[in-house]
Amino acid sequence: MSTMSAVKPSAGPEPYVSHASLFETAKRYLTKTKSQELLLRSIILIFVYLLAFCIRLFSVLRYESVIHEFDPYFNYRSTINLVQDGFYEFWNWFDAESWHPLGRVVGGTVYPGLMFTAAILYKVSKFLTACIKLRDICVFTAPFFAGNTALIAYLFGKELKDMETGLVAAVLMAVVPGYISRSVAGSFDNEAVAIFALVTTFYLWVRAVNQGTIASAVLAAFAYLYMAASWGAYVFISNLIPLYVIIMFVSGRYSRRIYVAYTTFWAVGSLLAMQVRFIGFNHVTSNELLSFNGVFVGLQVWEALVFLRTKLGTKQFGQLLYLTAVAAGAVGAAGTAILVLSGKLNPWTGRFWTLLDPTYAKKFIPIVASVSEHQPTTWASYIFDLHVLVFAAPAGLYFCFKRPTDGTIFLTVFALTAIYFSGIMVRLMLVAAPAFVLLSAIAISSILQSASKELRAPAAAETKTSPVATRRGRGSTSNEENITTKKSTNLIILGLTFLAMWSYSSHSIWVTSEAYSSPSIVLISGWGPHRVVLDDFREAYYWLRHNTAPDAKVMSWWDYGYQITAMGNRTVIVDNNTWNNTHIATVGRAMASNETEAYKIMRQLDVDYALVIFGGLSGYSSDDINKFLWMVRIGGGVFPVIKESDYLANGDYTVSSRGTQTMLNSLMYKLSYYDFGNIMTEHGKGTGYDRVRNYEIGKKDIQLDHLYEAFTSEHWIVRIYRVKDLENRF
């Protein structure tokens, strides 16, 4: 017993206990160069993210936390439905409050990525017990994803060239005005998350090509799913990547890495994109994705031929190649003919043709041409939205051509196509902005690296004199002059680059503050002590909500449909979805007709109220009178009885005394200028002086027979009229 008690169990190794303080550990860690670089890079990226987020908050600070523009109100209303009723109810939601009496199947006619993103963010915040309203989640979604896009730009630039290029790309992306225009706080539109998805897809695609692995291509396919679920511009990705593959094939740079990346991306990406109800089998049958599917088939045929070439002789392979080409041509032609004749192959849409022919929409689809963001881009818009990037991007192209890689070739293809499409449609400046940013980042980082490298060169290496110059007795002086000149040149280059970046950042802040942070729902007139807030839109929509029957139907031009439904909670005849051109043309015909004919149309559409936007008193230029010719053109495109020439006085569009009788008797003219002839708007001018058109109206004593004025907002911007019931015939 005593022997057993004397034996002590062997103790294990004592655990390591560090006696160094936290400060000493941090000091030892930061003395390493790589650690210092990592810390500095992390701090820069954190500040870049905060910059991207904070620069987009001018609208909230200057106005309030409010949704902007028109389309975002439908997205906000849809997000509310998704959060309250759940996924399946949203997927099968039939909206009876829009497009009366047709209605709209929302789940099958919408890209749900934005709504799902906001709903998930709201659920996460609720799980974390953060009391954030759903409206505020929607308002700040765009700035949140703008910061994410800047971080992806860093990874993209790093993948294309190096870490320094990534940092420059992140800074430029954070404040580029072309992207800020659709990502300020309150811009709850598809582009708020779609540009993030676009840049992420392209980054992961380049990464997949560089690595040639299935895993990286699958990640790119999931990013493509997010893009396809968020915005119709996923078609741009579906055509750009095949174009890149074709260029790589023709230029002799095709490799097995590209085959693995594209085959995986096509297979997984197609299956995922087809889960979006709005896309479905269109991803296979649509003409717009013909290149996406055709290149996949072509790659499989090519790889099969390469394999068979190793197994067959030269003669046999030549015969097989000939038979394969003939068979492929015959099968392709027959298959295309069958699909076209059977109606299975969907035709190209009007918007697609517009991108190929800028005049197509104006000739054949006036409703597309009537949208301001579908107009061609001017040179001033490029300078306004890109500033110095317009000049830095060509330098980036030079560096890409100087040392081409698989990544820089893709960036070149992306940039050239994006520049072309952005010139056709100003909205696509959004797509061109990341390309300009990445090209400029390559140029700026290359210039800074070259200049700083020469400045850091050892003095001993610079002061070497040539033997010839020494024999002539002026070697030392000549070398010193060369060194001084080189240093001065590099310092000037660094100074000019810093000046350009300072100018770029100042311009971006000014543009964001003054041009892109004004919500259309709230207007401001004047500055400083003379500043006046015009809140007529919300005033009118709240009047509709509280002073009309719940089942009342409101007829207005399609621009205001989403806002009326979301804020006024009333059924509209047409809205911003613009899926039914005939229905919109019917409203345009009613607005362009005289009151009696318009009354018949409104009775057929079961209209209770007519709403018009008028700026003659307040000076608001985006009113319905300025849009009226588009109503005439769209209405006349379906109903030949409406002719644009009837509304023009010798080719001039005017509402003055020179205006035509058809114009002065139209419903739009009457609803806009009713009782306006008794108002004096300018000192020294007569009554009925229109402050937008800058002349007195032609007809002041307007009488209404089938409608009466129900509401006019404080500044006369929104005017609502009640449609009279049919008279009792007994």
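The exercises below work through a helix, its end, some salt bridges, some aromatic pairs and a surface patch.

The model is predicted: local features need pLDDT of at least 70, side-chain atom pairs count only at pLDDT 80 or more, and totals for chains, interfaces and linings use all residues. Residues are numbered from 1 along each chain as its sequence is written, and side-chain values use heavy atoms, with hydrogens and water left out.

**Exercise 1. Find how α5 is placed and which elements its buried residues pack against.**

Step 1. Helices (H or I, at least four residues) and strands (E, at least two) are DSSP runs, numbered from the N terminus. Helix α5 has 15 residues and reaches 21 Å from its first C-alpha to its last, close to the expected 21 Å; the expected span is 1.5 Å times one less than the number of residues.

Step 2. Buried means under 20% relative accessible area, exposed over 50%, and partly exposed in between (1.4 Å probe, protein chains only). Eleven of the 15 residues of α5 are buried, so the helix is largely enclosed by the rest of the structure. Among them are Y73, F74 and Y76.

Step 3. The buried residues of α5 pack against α6, β1 (94–95), β2 (104–105), α7 (113–127), α8 (134–160) and α29 (561–568), where contact means heavy atoms within 4.5 Å.

**Exercise 2. Describe the residue that follows α5.**

Step 1. The residue is G86, and its phi is positive, near 95°. G86 lies in the loop between α5 (71–85) and α6 (87–91).

Step 2. G86 counts as partly exposed because its relative accessibility is 23%. Its C-alpha is separated by 9.8 Å from that of A119, 33 residues apart along the chain.

**Exercise 3. Trace the salt bridges of D189, R427 and K600.**

Step 1. A salt bridge is a side-chain nitrogen of Lys or Arg within 4 Å of a carboxyl oxygen of Asp or Glu. By this rule the count comes to 25.

Step 2. D189 pairs with R182, with the closest N and O atoms 3.1 Å apart. D189 is buried at 9% relative accessibility, and R182 is buried at 19%.

Step 3. R427 bridges to E191 at 2.6 Å between the closest N and O atoms. This pair links distant parts of the chain, 236 residues apart: R427 sits in the loop between α23 (406–424) and α24 (429–455), and E191 in helix α11 (residues 191–211). Both R427 and E191 are buried.

Step 4. K600 and E597 meet at 3.5 Å, N to O. They are separated by about one helical turn because they are three residues apart in helix α31 (residues 595–604). K600 is partly exposed at 45%, and E597 is partly exposed at 33%.

Step 5. Shared partners join R182, D189, E191 and R427 into one salt-bridge network.

**Exercise 4. Classify the ring pair F202 and F236.**

Step 1. Rings of Phe, Tyr and Trp (its six-membered ring) pair if their centres lie within 6.5 Å; planes under 30 degrees apart count as stacked, over 60 as edge-to-face and the rest as tilted. The structure holds 49 aromatic pairs.

Step 2. F202 and F236 have ring centres 6.3 Å apart and planes at 70°, so the pair is edge-to-face. The pair links helix α11 to helix α13 (residues 234–250), 34 residues apart. Both F202 and F236 are buried.

**Exercise 5. Identify the nonpolar surface patch that includes I46.**

Step 1. Patches are made of residues with over 30% relative accessible area and no salt bridge; like charges are joined within 9 Å, nonpolar side chains (Val, Leu, Ile, Met, Phe, Trp, Tyr) within 5 Å.

Step 2. The patch consists of L39, I43, I46, F47 and L50, with about 480 Å² of accessible area together, by the Shrake-Rupley method with a 1.4 Å probe, where for residues only the protein chains shown count as cover.

Step 3. I46 is in helix α3 (residues 33–54) and is exposed at 53%.
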